[in-house]
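Trainee: Got a minute to go through this one with me?
Mentor: Sure, pull it up and ask away.

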Amino acid sequence: MDRDQLDVDLIAAALAASSLWQDLIYRQSVGSTNDVAKELASGGAPEGTAVVAEEQTAGRGRLARRWVAPPGTSLLCSILFRPTLRPTQAHRLTMLCSMAAADAIGQLTSLAVHLKWPNDLIVDSRGSEPGPQRWHKLAGILTEAELARDNLDFVIVGIGINVNVPHEELVDLAPGATSVSAEAGHEVDRSALLVGLLKRVENRYGRLQRGENPHQEWSERLATLGREVRVRTAERSLLGVAEGVDADGALLLRTEDGSLERLLAADVTLAAG
Ligand code: BTN
């Protein structure tokens, strides 16, 4: 099927006044945009380099999973940051990028986009219908940091948004995945969405550089908090109440035996969905 390509000229023009987005790299097909961005970063590319592709042949998700997106349907974008943060604070970049992505989708659709710990964007597919919530995933973020001695050398935030993936192709994605078009009932201009995303990231990153911590707003927007959840790590599966997230973005889970577990990497399923 022929699909619209991203309009690179329009995107470049919309970001021309930006001081962050100096280098937007657009490719038809790559292995993983995160890998391209990492290679550029290792070669000294500046902060604000963004790599965008129509297709990934080896897209990666968290926990060594694959990230599948039909060519020309999605936003596959990796952003290079060189922040003055401690390594344990790198999750702040994930926080600000997930909020920027949720807001960018929200501006072009009437969808209420929620965040799910640690870095998913989800919607309640029941819409305004009564009944139990049915959470589906619209987007995911893969953040990878590189250290130089004990400091952050660079951080790559890879954002994958299922934008115009039609209903019939959702089965090729991960279980529970949905797309913006499937939920909103109309296709969305991917170029406009990318511009909206990058402008919001720039704004939020500026605030971070001025000392603002995105943690409070991010934690307030997590659909996961205060709920009974099932948490799976590589080693174990835990049931409990997601009580909060600490300053480094770790999930604080009150388990059935009353103890408080601190989890940095895991999968969370909401008990009601
Ligand atoms: C997840 O939900 O597990 C994270 C998915 C992240 C996917 C994006 S798509 C752009 C970038 N390149 C990759 O290979 N992965 C991220």
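**Rings, turns and a cis bond**

Mentor: F81 is buried, and Y205 is buried too (under 20% relative accessible area; exposed is over 50%, partly exposed in between, with a 1.4 Å probe and protein chains only). Keep in mind that this is a predicted model, where local features need pLDDT of at least 70, side-chain atom pairs count only at pLDDT 80 or more, and totals for chains, interfaces and linings use all residues. Residues are numbered from 1 along each chain as its sequence is written, and side-chain values use heavy atoms, with hydrogens and water left out.

Trainee: How many aromatic pairs are there?
Mentor: The structure holds 1 aromatic pair. F81 and Y205 form it, tilted, at 4.8 Å centre to centre and 55° between the planes. Phe, Tyr and Trp rings (the six-membered one for Trp) pair if their centres lie within 6.5 Å; planes under 30 degrees apart count as stacked, over 60 as edge-to-face and the rest as tilted.

Trainee: And where do F81 and Y205 sit in the chain?
Mentor: F81 is in strand β3 (residues 75-81) and Y205 in helix α5 (residues 190-209), 124 residues apart, so the pair links distant parts of the chain. Helices (H or I, at least four residues) and strands (E, at least two) are DSSP runs, numbered from the N terminus.

Trainee: New topic: which peptide bond is cis?
Mentor: The one from W117 to P118, with omega near 0°. P118 is in the loop between β4 (114-116) and β5 (120-124).

Trainee: What about phi at L63?
Mentor: Positive, about 55°, although L63 is not a glycine. L63 lies in the loop between β2 (49-56) and β3.
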